Amino acid sequence: MAKGSGSAIPASVIGLALLCLLIQSEIAHAAVYTVGDGKGWTLNAVNWPNGKHFKAGDVLVFKYNSAAHNVVPVNAAGYNSCKTPRGARVLKTGNDRVKLARGKNYFICNFPGHCEAGMKIAVTAA
């Protein structure tokens, strides 16, 4: 009895297809948040993350007047002291997009007095 010459798909091809699907699924589920909602990135933003659940890969959009503010991703020390660490990246387009890393993510405005006035956020991404 002759065996059929069916078109069996190798397991490696199936595995690769499933991996691609998983990656697409992860990308498709990333949420985009506008920091400060309708008010944008401004003074007293410190409580904006409260009650929100963020995941690694989610995107924060900082909308603000670039002549009056900026966004500086900082570490915990920079966040707590409102000081910009040496070599920190300063974002200043007025429409900055930042992808969250797993764990704590900290952001401040380093215009004089702004961070101290609550223009800073700490976001934890699961």
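This short talk walks through one protein structure, from its overall layout to its sheets, its disulfide, its cores and two residues in a loop.

Before anything else, please keep in mind that what we are looking at is a predicted model. The protein has 126 residues, and of these 33% count as buried. Its secondary structure consists of two helices and six strands, and if you follow the chain from the N terminus, the elements come in the order α-β-β-β-α-β-β-β. The accessible surface comes to about 8,000 Å², and carbon and sulfur atoms account for 58% of that area. If we take the contacts between residues with a separation of 6 or more, then 70% of them are between residues 24 or more positions apart.

Let me turn to the sheets, and begin with a general reminder. Strands of a sheet pair through backbone hydrogen bonds, and they can do so in a parallel or an antiparallel way.

One sheet here is open and has three strands in the order β1-β2-β4, and its pairing is mixed. The strands at its edges are β1, residues 32–34, and β4, residues 95–99, and because each has a single partner strand, one side of each is left without a neighbour in the sheet. On average, and with direction ignored, neighbouring strands of this sheet are turned by 20 degrees against each other. If you want to find the parallel part, look at β1 and β2, the latter covering residues 59–63, which pair in the parallel sense over three bridges. A good place to start is T34, which stands opposite V61 in β2.

The other sheet to look at is also open and is formed by three strands, in the order β3-β5-β6, but here the pairing is antiparallel. Its edge strands are β3, residues 72–74, and β6, residues 120–125, each of which pairs on one side only. Neighbouring strands in this sheet are turned by 30 degrees against each other on average, again with direction ignored. Strand β5, residues 103–108, runs antiparallel to β6, and six bridges join the two. Here you can start from G103, which stands opposite A125 in β6.

Now to the cysteines. How many disulfides does a search of the whole structure find? The search finds one, and it joins C82 to C115, with a distance of 2.1 Å from S to S. The angle about the S-S bond is -70 degrees, which makes the link of C82 and C115 left-handed. C82 lies in the loop between α2, residues 76–81, and β4, while C115 lies in the loop between β5 and β6, so the disulfide ties together parts that are 33 residues apart in sequence. Both of these cysteines, C82 and C115, are buried.

Why does C109 have no bond to the closest cysteine sulfur? That closest sulfur belongs to C115 and is 8.2 Å from the sulfur of C109, which is too far for a bond. C109 is itself buried, with a relative accessible area of 1%.

That brings us to the interior. In soluble globular proteins, nonpolar side chains tend to be buried together. The largest nonpolar core of this model has 18 residues, and the members that touch the most other members are W41, L60, F62, F107 and I121. The elements that give two or more residues to this core are β2 and β6, and the largest share, three residues, comes from β6. To see how this looks around one residue, take I121: leaving aside residues up to four places away in sequence, its contacts include V35, W41, W48, L60, F62, Y79 and F107. Apart from this core lies another one, of seven residues, among them V72, Y79, C82 and Y106.

I will finish with the backbone of two residues in a loop. Most residues other than glycine have a negative phi. D37 and N44 are therefore worth a look, since phi of D37 is near 50 degrees and phi of N44 is near 65 degrees, and each of these is a positive value in a residue other than glycine. D37 is found in the loop between β1 and β2, and N44 lies in that loop as well. Is each of them exposed or partly exposed? D37, at 47% relative accessibility, counts as partly exposed, whereas N44, at 61%, counts as exposed, because the cut-off for that word is over 50%.

Note on methods:
Residues numbered from 1 in each chain as written. Predicted model: local features only at pLDDT ≥ 70, side-chain atom pairs only at ≥ 80, totals over all residues. Heavy atoms only, no water. Pairing = 2+ DSSP bridges. Helix = DSSP H or I, 4+ residues; strand = E, 2+ residues; numbered from the N terminus. Axes fitted to C-alpha atoms, helices over the stretch in contact; angles between N-to-C directions. Disulfide = S-S within 2.5 Å. Buried < 20%, exposed > 50% of the residue type's maximum accessible area, 1.4 Å probe, protein only. Core = buried A, V, L, I, M, F, W, Y, C linked by side-chain atoms within 4.5 Å. Contact = heavy atoms within 4.5 Å. Areas by Shrake-Rupley, 256 points an atom, 1.4 Å probe, with all protein chains shown as cover.
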